[in-house]
Amino acid sequence: MGATAGGNGGIWGMGPFYDGIYRRRCKKRTSGNRESKPSSSGDSFGGGASSSYRFPVKQAATSASLVFTGDTIAQLRHRWVTNKDTVSHSREFKNTISTLLAEHDWIRASRMISYGFLLYGPGSFFWYQFLDCRLPEKNIQNLITKVLLNQVVLGPSVIAVIFAWSKLWEGKLAELPNKYEKDALPTLFTGFRFWIPVSILNFGIVPLQARVAFMSMASVFWNFCLSTTINK
C-alpha cells in the first residue's frame with residue numbers, strides 16, 4: 001500500500017532518461033555477477049561505489065506534504081462534524097475558516113509529516129526501485145507479482161510502522177499491541193480494496209520516477225483514513 005509513488009511525465013525532473021539509466025544499472029549488475037568480481041558491501045542497487053546512497057529529498061518532501069494534506073483533511077472534517085451548528089450559522093467565509101482552523105493539532109500534524117518525510121517517502125521510493133530492478137520486464141506476470149508483493153509486504157509494513165510511529169510520539173508504546181489487535185486488520189483489509197486497483201495502475205502505467213508522487217497523491221485519501229484511525 002502507499003501511505004505513502006509510471007508515463008514519461010518526468011515529475012521529478014528525471015524523466016525517461018533517469019528510468020533508462022536505472023534500468024541499465026540493474027542490467028549491468030545482473031551481467032556483472034558473471035563477468036566481474038562481487039561488489040563491495042558499500043555498493044548500492046547496482047551503481048557501484050559511484051552511486052552511493054543519497055536521501056531522496058524530493059520524494060520525501062512530496063510524500064510529507066501529501067501526508068500532511070490527508071491529515072489536515074481529517075482534522076478539518078472532525079472539527080466540521082464537531083462544530084457543525086456553529087459553522088453552519090456563520091455567514092462569513094473568514095469566520096468559517098477560522099472556526100475550522102481553531103485548535104488545529106500541530107503535534108499530530110508534525111507526527112504525520114515526519115512519518116511521510118523520514119519513513120514512507122524514502123522507504124517506498126527504494127521499494128519501487130528494488131521491485132523494478134528485480135522485475136524489470138513489463139508483462140502480466142511481473143505486474144501481478146508486483147501488486148501482490150506491494151500488498152503482502154508494503155501494506156502491512158506501512159500500517160505497522162505508522163501505528164508504532166504514532167504511539168512513539170505519544171509516549172504510549174505500551175498501548176501498541178492493543179492498537180494492532182483492534183485496528184490493524186480492519187485497516188489492512190480496507191487498504192486491500194483501495195490499493196490493489198491503484199497498484200495495478202502504478203506498476204502498469206506509471207513510470208518509476210513518478211511512482212512516489214502517484215502513490216502519495218492516491219494516498220491523500222488513504223492518509224485521511226489512517227489519520228482518522230490512528231487518532232480515534
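Tryptophan 195 is buried in this predicted model, and its relative accessible area is 0%. The neighbour in sequence, phenylalanine 194, has a relative accessibility of 24% and therefore counts as partly exposed. The rings of phenylalanine 194 and tryptophan 195 form an edge-to-face aromatic pair, with 4.8 Å from centre to centre and 80° between the planes. Phenylalanine 194 also pairs with phenylalanine 221, this time in a tilted arrangement, where the centres are 5.2 Å apart and the planes meet at 50°. This second pair links distant parts of the chain, since phenylalanine 194 belongs to helix H7 (residues 176-204) and phenylalanine 221 to helix H8 (residues 211-230), 27 residues apart. Phenylalanine 221 is itself partly exposed, at a relative accessible area of 45%. Taken together, Phe194, Trp195, Phe221 and Trp222 make up one aromatic cluster. Across the model, the count of aromatic pairs comes to 11.

It is helpful to set this cluster against the overall fold. The protein chain contains eight helices and zero strands, and the order of elements from the N terminus is accordingly α-α-α-α-α-α-α-α. Of the 232 residues in the protein chain, 45% are buried. The area exposed by the protein chain is about 12900 Å², and carbon and sulfur atoms supply 63% of that area.

Charged side chains come next. Side chains of opposite charge can pair when their charged atoms come close. The structure holds seven salt bridges. One of them joins arginine 111 to glutamate 170, with the closest N and O atoms 3.8 Å apart. Because arginine 111 lies in helix H5 (residues 106-134) and glutamate 170 in helix H6 (residues 140-170), this salt bridge ties together parts that are 59 residues apart in sequence. The two partners do not share a burial class: arginine 111 is buried, at a relative accessible area of 5%, whereas glutamate 170 is partly exposed, at 28%.

Glutamate 170 has a further salt-bridge partner in lysine 167, and here the closest N and O atoms are 3.5 Å apart. Both residues of this pair sit in helix H6, where a spacing of three residues puts about one turn of the helix between them. Lysine 167 counts as buried, with a relative accessibility of 10%.

In helix H7, lysine 179 and aspartate 183 are four residues apart and so are separated by about one helical turn. These two residues form a salt bridge whose closest N and O atoms are 2.9 Å apart, and both of them are buried. Elsewhere, salt bridges with shared partners connect Arg111, Lys167, Glu170 and Glu175 into one network. Lysine 179 has an aromatic contact as well: its charged end sits over the ring of phenylalanine 163, at 5.8 Å from the ring centre.

Attention can now turn to helix H2 and the surface. Valine 57 is found in helix H2, which covers residues 57-82, and is partly exposed, with a relative accessible area of 48%. Valine 57 contributes to a nonpolar surface patch of about 520 Å², made together with Tyr53, Phe55, Leu118, Leu119 and Val161.

Serine 63 is also found in helix H2, but this residue is buried, at a relative accessible area of 0%. What lies 3.3 Å from a polar atom of the serine 63 side chain? The atom in question is the backbone oxygen of glycine 116. Helix H2 thus holds both a partly exposed residue, valine 57, and a buried one, serine 63.

Note on methods. Residues are numbered from 1 along each chain as its sequence is written. This is a predicted model: local features need pLDDT of at least 70, side-chain atom pairs count only at pLDDT 80 or more; totals for chains, interfaces and linings use all residues. Side-chain values use heavy atoms; hydrogens and water are left out. Rings of Phe, Tyr and Trp (its six-membered ring) pair if their centres lie within 6.5 Å; planes under 30 degrees apart count as stacked, over 60 as edge-to-face and the rest as tilted. Buried means under 20% relative accessible area, exposed over 50%, partly exposed in between (1.4 Å probe, protein chains only). Helices (H or I, at least four residues) and strands (E, at least two) are DSSP runs, numbered from the N terminus. A charge sits over a ring if NZ of Lys or CZ of Arg is within 6 Å of the ring centre and within 35 degrees of the ring normal. Patches are made of residues with over 30% relative accessible area and no salt bridge: like charges are joined within 9 Å, nonpolar side chains (Val, Leu, Ile, Met, Phe, Trp, Tyr) within 5 Å. Accessible areas come from the Shrake-Rupley method with a 1.4 Å probe; for residues, only the protein chains shown count as cover. A salt bridge is a side-chain nitrogen of Lys or Arg within 4 Å of a carboxyl oxygen of Asp or Glu. A polar contact is a pair of N or O atoms within 3.5 Å; within protein, one must be able to donate a hydrogen and the other to accept it, and residues adjacent in sequence count only if both atoms are side-chain atoms.
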